[in-house]
Each structure stands twice: as structure tokens, then as C-alpha cells.
Amino acid sequence: KYMSLSQELSDEIDSFQERQKQLAQETARLDEALTKRLVLRTRSSIHDTISQRISFVHRFLEDGVSDDQRLAQLQALLAKLPTDLSHDRAMIPATVWLDSLQDLATAAQLDLNISGELPVEENRALLFVQVLREGITNVLIHTTSTEMTARMWEDTHSYWLEVSNPGVVTTTPASGTGLSGLEARLESAGGSLTIVTTPGFTLRARLPRSH
């Protein structure tokens, strides 16, 4: 009986050590996955912020701005860049980002008309702000428009956002840009992104409601 119990204990120890090994492997894989996710999220955040600043500078230069007030606005936008890059977007409410985008559009003399409300689900609202940010960036870079409309609505199953403008698309957005990353983020959340470049530039985003 003693030998039998000793064998059972030995087997339990072997099983426990095997489970420990498996747990260590799973923990290592989880750490790697979380690290990759953090890196991708940081890269995405940096891309979004820098590309938008570039788009505003591009519009300023195209307009040949020499007005002191607008040049001061441009300097202010660039001066805030280090702070914007260091912010964790998830810690700032979507409504604050939306107000910031409205201010940036005004500084670039872009007539941005926003109707409807952001999704009540904060994670959905933050994604919609990213869609709007990318829409503004592409309007400034790829069209001749000074007008832009953002319309938000919802139905039983989904939240919707459509960003459009009446300007002519002068250059087609290349693959592998912020639009590709944005599309991947929406799809990972169960949504979709539709891009139309004729006759004007339009983005339409859909996100399912959380259940």
C-alpha cells in the first residue's frame, strides 16, 4: 500500500510539473501576444497623429499662408505633437478627441459639419473618432475640398459613420496607408470600412453593437 501511494504521489508530481511547464509556455505566448498588440497599437497611434499633422502642414503650404494668425495656429499644432504622441488614447474620452478634431479642422479652414452622436459604447466611439481623423487627413491630402460632412447614426444592430466631401479626388490613397490599418481595426471589432473615391471621397464605417 505504501509503495502504491508513493507511486501515485510520484505520478501527481510529474503531472503537476508538466502542467507547470505548460502554464509557463502559455504565459510566455500571452506575454508575446500582449507585447505585439501594444507595439501595434502604439505604431498605429503614432501613424495617426503624425499623418494628420503632415496633412495640415500640407494644406497650409498649398494655400501659401502668410497670415500671422494662421501661422501661429500652425505653430501651435506642431508644438502639441510631443504631447499628443505621449497620450494613451484609451484614457481620453472620445468626446474630447472629437472636440480636438473640430478645432484642428477649423485651424486648417476646413468646414467640418458633424451631425448625430457618437456611440454610447466608449470603445466604439473611440474607433469612430479614428475613422473621422483618417477621413480628415485624406480629405486634406487627396482632395481639393474645403468642406466635409460627418454623419453618425445607429440602427438595431450597428453603429454607422459616413465621412464625405464634394471635392475632386486629386490623388488616390495608396494601399498600406492609415486606411488599411483602420480597416483592420474595424474588422477585428466585427465591423467594416467602405472607401469610395468617385465622384468625391467618402468613408463609411460600421460597427456592431456589443451584446
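**View 1. Strands β3 and β5 sit side by side, paired in the antiparallel sense over seven bridges.** This is a predicted model, so take each close-up here as a look at a prediction. Strand β5 covers residues 202-208. For a landmark on this pair, look for Trp-160, which stands opposite Arg-206 in β5.

**View 2. Zoom out a bit and five strands form an open sheet.** Reading across, the order is β1-β2-β3-β5-β4, and the pairing is mixed. At the edges you'll find β1 and β4 (192-196), each pairing on one side only. Ignoring direction, neighbouring strands of this sheet are turned against each other by 10° on average.

**View 3. Here's the hairpin: β2 and β3, with three residues between them.** These two strands run antiparallel, and six bridges hold the pairing together on paper. Strand β3 spans residues 158-164. To find your bearings, pick out Met-152, whose bridge partner in β3 is Leu-161.

**View 4. On to β1 and β2, which run parallel and are joined by five bridges.** Strand β1 takes in residues 111-115, while β2 takes in residues 147-154. One pair to look for is Asn-113 with its bridge partner in β2, Thr-149. Add helix α5 (residues 122-142) to these two strands and you have a β-α-β unit, and a left-handed one.

**View 5. Helix α5 lies across β1, β2, β3 and β5.** Relative to β5, the helix runs at about 170°. Strand β1, one of those under the helix here, is also an edge strand of the sheet.

**View 6. Helices α4 and α5 pack with their axes coming within 9 Å.** Two packed helices are described by the angle between their axes and the distance between the axes. Helix α4 is made of residues 94-107, and its axis crosses that of α5 at roughly 15°. That is under 35 degrees, so α4 counts as roughly parallel to α5. As for handedness, α4 passes α5 in a left-handed crossing.

**View 7. Last, the side of α4 that meets α5, residue by residue.** From α4 come Ala-94, Trp-97, Leu-98 and Leu-101. Across from them, α5 brings in Glu-122, Ala-125, Leu-126, Val-129, Leu-132, Arg-133 and Ile-136. Sorted by type, the residues of this contact divide into nine nonpolar, two charged and no polar.

Definitions and conventions
Residues numbered from 1 in each chain as written. Predicted model: local features only at pLDDT ≥ 70, side-chain atom pairs only at ≥ 80, totals over all residues. Heavy atoms only, no water. Pairing = 2+ DSSP bridges. Helix = DSSP H or I, 4+ residues; strand = E, 2+ residues; numbered from the N terminus. Right-handed = clockwise from strand over helix to strand, strands pointing away. Axes fitted to C-alpha atoms, helices over the stretch in contact; angles between N-to-C directions. Parallel < 35°, antiparallel > 145°, perpendicular 65-115°, else oblique. Left-handed = near helix turned anticlockwise from the far one by under 90°. Contact = heavy atoms within 4.5 Å. Nonpolar A, V, L, I, M, F, W, Y, C, P; charged D, E, K, R; others polar.
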